[in-house]
Each structure stands twice: as structure tokens, then as C-alpha cells.
Amino acid sequence: MSELRRIVVAGASLAGLRAVQTLREEGYTGEIRLVGAESHAPYNRPPLSKAMLRGDEDIALPGAGELGEEWLRGRQAVRLDAGGRVVALDDGTELPYDGLVIATGARPRHLPGRPAGVRTLRTVEDSLALRAALRSGAGRVVVVGGGFIGGEVATTARGLGLDVTLIDAGPYPMLDVIGEEAARWLAAHHERHGVELLSGVRVTGVEGAEEVRALRLDDGREIPASLVVAGLGVEPNTEWLEGSGLTLDDGVVTTPGLHAVGADGIVAAGDVARWPHELYGGALVRVEHWGNANEQGALAARNLLAGPAAATPYAAVPSFATHMHGARIQTAGLPHLADESRTVAGDPGEDSFAVAFLREGVPVGAVAVNAPRELIRLKRAIAAARPLEAAA
Ligand SMILES: Cc1cc2nc3c(=O)[nH]c(=O)nc-3n(C[C@H](O)[C@H](O)[C@H](O)COP(=O)(O)OP(=O)(O)OC[C@H]3O[C@@H](n4cnc5c(N)ncnc54)[C@H](O)[C@@H]3O)c2cc1C
């Protein structure tokens, strides 16, 4: 550990903050420079599509208010010289380092051409602006993309009594993430709560500039819209690393212990990191969940201090929870890797059930709707990579 005297952490959100806190907890006394493109102290994003839209503004992350002069706010890393161990910032500053934590996260995908009136939701500014628009009595809210953020925005807008249309390109929203049975249930759940669901269609054009009036769909329809939110997933913020020699492939590719492949003295954590997951035979995975950024930020810092030879692999089971129209939907593991799925508890008809996803008979993923105990049981089986019967 003692050879590290200057550590740069790029990205001042959850993973970056956890890295800084962990470095100090582990006894590192050298210099830290935390570089953050946003002007806010690191904050929690999950409330941005839920409580904050309803008026609750508590998005503080514990410890974020204690950052001192190590935090370079509103500054962006624009280039990495991995050989010379220097990070260049947008204001011309060059930060030499002995160790670097990459935690630059991800940004929302947009519709082609980034139409001006179409909103996305990633930052506190996005959330406040969307809240104001929702409260201004928007006519019809159209959400493009039925993933978790799209579904949460649709839920909140319906909760405010607004008319909502949800457009999804797949046969059912979230099919790739939660499998067919739960996705079918989710589609019906949205509709029972008054969401107009248009599945299997894509947006091909937008009528109106700053204020959208209508969306054109690939089936020839044109649907009226007053407020449009795109929830089309995210892409990792890696442009500043191009040409650095790091392996970039849908994120910063790392070792199991989160050390970046292609240069020494660099770790990556959170939404930007793609690592070989030991539970899944070393398949490269990138996970866009709060718990993952929280834990990886801490482990990446410890592994940076320990060095690659002594690094601990990151092998936690990914897990995620959301609420849509009063139902609690939880996932664990990676259902999309499965070759078989089985309903192991409850019944979709009763809005309470759990599905296990198996590969060659071994559980690799789980989805539970209003069935938290089942999720815990299944998550244990995934972590142990043992047949379900043994997990009872
Ligand atoms: C609306 C919303 C709701 C969510 N809800 C949930 C939920 O219910 N449950 C859940 O598990 N997860 C949820 N998530 C996901 C979760 O918030 C993310 O997984 C988490 O924020 C990832 O943290 P991170 O630190 O890796 O990256 P980010 O939070 O993306 O932060 C990266 C930071 O780096 C900055 N940055 C980018 N490039 C540079 C650069 N070149 N130089 C300097 N700084 C840079 C960015 O501005 C940003 O501040 C939600 C996300 C959103 C947006």
C-alpha cells in the first residue's frame, strides 16, 4: 500500500464516494483528488425517478457533505495518459497519480437525433425539471422504453393522476431482464393501473421541437404527446479513456478483482466497470445497480491498495428492487443467462410469485413479485450455485 502517494478518483457519485471513504478507512493517508463533472456533492440517484418526482428531496449520501478540498467539483476528466500516469481535466489541469479509480458511471441513451423536447432522467436537474413538467398539468405523458426507469416514471405519473402511454419495442416490457412470465404479468399490471401500453413498436420521429406534440411510430401510427421521457437504458462514460491503452468494451474491462486490463495502477467500479464474474464462469458483466456501485467502489479502493496479485475478486450476486403501481419487483443474478425458467412459488394471477432461472439445472437468476422471502431463498441458491431443492 505504501507506494501509493497520489490517488485520483474520476467520477464523484456513489462508486467514487465509496472509494474515497474506503481509502481513508483503510488507513491511506496520501493525497486524493476526486474529480466530478457535476457541481453537486455525490447524491443518490434511485429517488430521482420515485420519491423526488413526488416532492421528497432527500437524496443525500452519507458522508458526501464531508468532502473537503480533495473534491474537484464541476470538472471533467478528458484524457488518460496511462503510461505517464496523468489524468487531464477539461480546464487544462493535469493530475499525476500513482493510483486511479475510474468511476465515471453511465449516461442515458437517447432517441436518434436527440430530439430537443424528449427528456431523459439521470441527474438531479433532470428530475427537478421532470417534476415541474408533471406538475404543470401535462396532458399525455409518453414514456419511451419500459425498463425500470420508464416503468417507475409511468407509475409516478399515474400516481399523479396523469394520462400515460408506455411504448416498448419488445413484446412485453422488461422481457430481457425478468423473463417471459414476469414480463407478461408486468404488462397486464401496467394496464390494470391505467397505463396505455403499446408493445412491439418503435418511435421513428417526433413532431414539434422544444415542445413535443406527437410521436410517429414504425407501424405508421402517430400518437399525441405533451411530455415525453425516454428510458432507453444507459451507456458507460468511457470516451475520455479512448487511446489510453485500457481495454474498453461496453465499459472498462477489468480483472475479477476490478483492476483495469491494459495498464497498471488503475481500478474501475460501478456502472462503468465490466468484469469477469466468477459465479458465471468468468462471463464479462456490467451491472447498473446501486448495490453494485456501492460495494464495488469500496472493493476497488481496497484492491488498488492491495495490488493486483492480492486483490479480492468481486463475485456478489447482482440484485435489484423496484416498485411499480404498488407491487414490489425484485431480481437477483442474471436471468438472461438461463436456458430454463420455473415458477417456484405463488401465482402471477394473485400478483405474488417467484421465478427461478436455471442454466444446466443450476440457478443463475431469480425474479420475485411481492415475494421477498422467496427472493432471499433463491438468491442464496444462486450464490452457492446449488440446485434449488438443496436451498429449501
Ligand atoms: C433515475 C434513476 C433511478 C435509479 N433507481 C435505482 C434503483 O431503484 N435501484 C438500483 O439498484 N439502482 C438504481 N439506479 C441506478 C444507480 O443509481 C446506479 O447504478 C448508480 O448511480 C451508479 O453509480 P456510479 O457511481 O457507478 O455512476 P453514476 O451514478 O453514473 O456517476 C458517475 C459520475 O461520474 C461523472 N462523470 C462522468 N464522466 C466524467 C468525467 N469524464 N470526469 C468526471 N466526472 C465524470 C458523472 O457526472 C456522474 O456524476 C437508478 C438510476 C437512475 C438514474
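# A guided tour from the ligand outward

Select arginine 122 and the ligand together: a polar side-chain atom of arginine 122 lies 2.7 Å from an oxygen atom of the ligand. Taken alone, the ligand exposes 1,000 Å², and the protein buries 94% of that. The model on display is a predicted one, and every distance quoted on this tour is computed from it.

**The ligand and its shell**

Keep the ligand selected and add alanine 15. A polar backbone atom of alanine 15 is 2.9 Å from an oxygen atom of the ligand. Next, add alanine 77, where a backbone N or O atom lies 2.8 Å from a nitrogen atom of the ligand.

Now expand the selection to the whole shell. The ligand is surrounded by 34 residues, and the closest are Glu38, Arg45, Lys50, Arg122 and Asp271. Coloured by residue class, the shell divides into 17 nonpolar, ten polar and seven charged residues. Coloured by domain, the shell draws at least three residues from domain 1 (6–107 + 234–310) and at least three from domain 2 (110–230).

Which elements give two or more residues to this shell? They are helix H1 (14–25), strand E2 (31–36), helix H4, helix H6 (290–306) and strand E22 (319–324). Two of these helices, H4 and H6, are the next stops.

**Helix H4**

Select residues 148–159, which form H4. This helix has twelve residues and reaches 16 Å from its first C-alpha to its last, close to the 16 Å expected at 1.5 Å a residue. Within H4, Gly150, Gly151, Glu152, Val153, Ala154, Thr155, Thr156 and Ala157 are buried. Move past the end of the helix to glycine 161, which follows H4 and has a positive phi, near 85°.

**Helix H6 and asparagine 44**

Select residues 290–306 for H6. At 1.5 Å a residue, its 17 residues should span 24 Å, and the end C-alpha atoms are 24 Å apart, so the two values agree. Is H6 largely enclosed or largely open? Twelve of its 17 residues are buried, so the helix is largely enclosed by the rest of the structure. To display them, select Asn292, Ala293, Asn294, Gln296, Gly297, Ala298, Leu299, Ala300, Ala301, Asn303, Leu304 and Leu305.

Next, select asparagine 44 and tryptophan 290. The side chains of these two residues make a polar contact at 2.5 Å. Asparagine 44 belongs to the loop between E2 and helix H2 (51–54). With a relative accessible area of 17%, asparagine 44 falls under the 20% cut-off and therefore counts as buried.

**Beyond H6: proline 318**

Follow the chain from H6 towards E22 and stop at proline 318, in the loop between the two. This proline is buried, with a relative accessible area of 8%. Add aspartate 250 to the selection: proline 318 and aspartate 250 are 68 residues apart along the chain, and their C-alpha atoms are separated by 18 Å.

**Two further buried positions**

Select serine 244, in the loop between strand E17 (234–236) and strand E18 (252–253). Serine 244 is buried, at a relative accessible area of 11%. Add leucine 160 and draw a distance between the C-alpha atoms: the two residues are 84 apart in sequence and 47 Å apart in space.

Then select valine 228, which lies in strand E16 (residues 227–230). Its relative accessibility is 0%, so valine 228 counts as buried. From valine 228 to valine 206 the C-alpha distance is 9.8 Å, with their positions 22 residues apart in sequence.

**Two positive phi values**

The last two stops concern the backbone. Most residues other than glycine have a negative phi. Select glutamate 360, in the loop between strand E25 (352–359) and strand E26 (362–369). Phi of glutamate 360 is near 50°, a positive value in a residue other than glycine. Is glutamate 360 buried or exposed? At 74% relative accessibility, glutamate 360 counts as exposed.

Finally, select alanine 385, in the segment after helix H7 (372–384). Alanine 385 is not a glycine, yet has a positive phi of about 50°. At 39% relative accessibility, alanine 385 counts as partly exposed.

Technical notes
Residues numbered from 1 in each chain as written. Predicted model: local features only at pLDDT ≥ 70, side-chain atom pairs only at ≥ 80, totals over all residues. Heavy atoms only, no water. Helix = DSSP H or I, 4+ residues; strand = E, 2+ residues; numbered from the N terminus. Expected span 1.5 Å × (residues − 1). Buried < 20%, exposed > 50% of the residue type's maximum accessible area, 1.4 Å probe, protein only. Near = heavy atom within 4 Å. Polar contact = N/O pair within 3.5 Å; in protein donor to acceptor, adjacent residues only side chain to side chain. Areas by Shrake-Rupley, 256 points an atom, 1.4 Å probe, with all protein chains shown as cover. Nonpolar A, V, L, I, M, F, W, Y, C, P; charged D, E, K, R; others polar. Domains from an automatic or database assignment.
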